[in-house]
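Hi,

Here is the structure I promised to pass on. Have a look at it first, and my notes follow below.

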2 protein chains.
Amino acid sequence: MNSESGNFRHRNLPLLLLQAREHVISRFRPILNAHGITEQQWRIVRALLDTGPMEPREIGLLCRISSPSLAGVLSRMEELGLIKRKRLDHDQRRLHVSLTPRSRALSTRMAPQIEATYRDIEALIGAEFSARFYGALDELIGALTSHEPAALANE
Amino acid sequence: MNSESGNFRHRNLPLLLLQAREHVISRFRPILNAHGITEQQWRIVRALLDTGPMEPREIGLLCRISSPSLAGVLSRMEELGLIKRKRLDHDQRRLHVSLTPRSRALSTRMAPQIEATYRDIEALIGAEFSARFYGALDELIGALTSHEPAALANE
DNA sequence: CGATATTCACTAATATATTAGTAATATAGT
DNA sequence: ACTATATTACTAATATATTAGTGAATATCG
């Protein structure tokens with residue numbers, strides 16, 4: 001990066017975060033591919049595993065997937081038998097999304113390789129740095145969330 | 001997050017990085033929209049500004065855009081007059097991508113708002129934390145790069 | 001020199017992202 | 001009840017991402 005062209009004084013933070021994520025996710029991608037599940041689909045499965053059943057709106061906020069994207073992803077996931085959708089009785093607009101035995105079995109099969117990859121990463125960066133880094137990410141998100149309620153694309 | 005369902009012991013690092021990036025980029029998105037340029041197109045313009053002319057392969061590695069995505073993005077950018085493409089004389093496979101007066105003027109118009117947003121963010125998270133965070137990102141990327149050469153999707 | 005392998009940008013097919021907008025339902029205020 | 005507004009999931013159109021694979025050009029090696 002040449003510092004002569006003085007158009008911008010700051011480093012590109014969104015790009016840095018993207019690069020960091022790419023370096024991390026590239027170690028998980030082969031696992032997802034081997035099990036025939038896409039990155040977004042897996043993000044949703046894992047969120048439902050961690051948090052329990054959710055409505056699309058909640059899934060979108062947690063997984064950072066916009067409402068229009070989610071419509072397609074959930075539709076495909078239902079066709080694949082990874083989730084089931086059910087209208088709420090007391091509010092016909094809303095939807096209840098939950099995992100299926102199939103997706104639970106899938107995550108059980110994937111878990112060992114996922115965990116092994118986390119151990120690989122922690123071995124490279126060190127447990128201490130790892131903990132500090134998670135903390136820093138939480139702090140960043142918290143600081144940016146406190147004043148601005150984390151708007152998503154389609155809102 | 002309930003800790004009862006013991007499927008995974010680690011927090012979802014790719015998701016955390018995605019959430020962090022989304023919180024950051026959501027503050028820049030209005031600027032990009034107001035100037036009619038997409039996120040990927042701006043990432044490329046800014047990279048060419050910082051680094052100078054590059055070939056698609058280099059752009060892809062730096063901006064983390066896969067070769068097939070890049071083909072379409074660069075094609076649209078050329079139509080919009082944001083870049084120009086030229087075959088290299090000594091290697092007819094390769095391509096030379098550079099900015100145009102139009103995109104340089106665009107970045108000059110956008111620069112004040114971009115810089116102001118960086119100041120906003122730094123005011124929220126603090127200059128000291130900001131510097132440490134950049135350092136941590138560099139360290140993470142460095143650690144993950146040293147043993148694995150940062151493979152992209154289409155390689 | 002020639003056969004092989006590699007590199008590069010690209011296409012094709014499908015999945016997802018983004019922006020704008022919609023119909024159906026629910027809620028708040030009158 | 002009733003009107004205005006808000007919320008929820010959705011569609012449409014376009015841009016980008018992902019995976020696999022291709023042809024042309026170049027480099028490598030026998």
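A term first: buried area is the accessible area (1.4 Å probe) that two parts lose on being put together, summed over both. For chain A and chain B that comes to about 6,800 Å², with 67% of it on carbon and sulfur atoms.

Before you read on, this is a predicted model, where local features need pLDDT of at least 70, side-chain atom pairs count only at pLDDT 80 or more, and totals for chains, interfaces and linings use all residues. Residues are numbered from 1 along each chain as its sequence is written, chains are lettered from A and ligands numbered from 1 in the order written, and side-chain values use heavy atoms, leaving out hydrogens and water.

Now the protein interface. Chain A and chain B each put 62 residues into the contact (heavy atoms within 4.5 Å). Two salt bridges cross it (a side-chain nitrogen of Lys or Arg within 4 Å of a carboxyl oxygen of Asp or Glu). One of them joins R11(A) to D138(B), at 2.8 Å from N to O.

Then the DNA. Strand C has 29 residues around it, and the closest are T38(A), Q40(A), R76(A), N33(B) and R93(B) (near means a heavy atom within 4 Å). Of the strand C atoms that come within 4 Å of the protein, 63% belong to sugar and phosphate. Polar side-chain atoms lie 2.7 Å from a phosphate oxygen of strand C for T38(A) and 2.8 Å for N33(B), while R29(B) has one at 3.4 Å.

Cheers

Note on methods: Polar contact = N/O pair within 3.5 Å; in protein donor to acceptor, adjacent residues only side chain to side chain.
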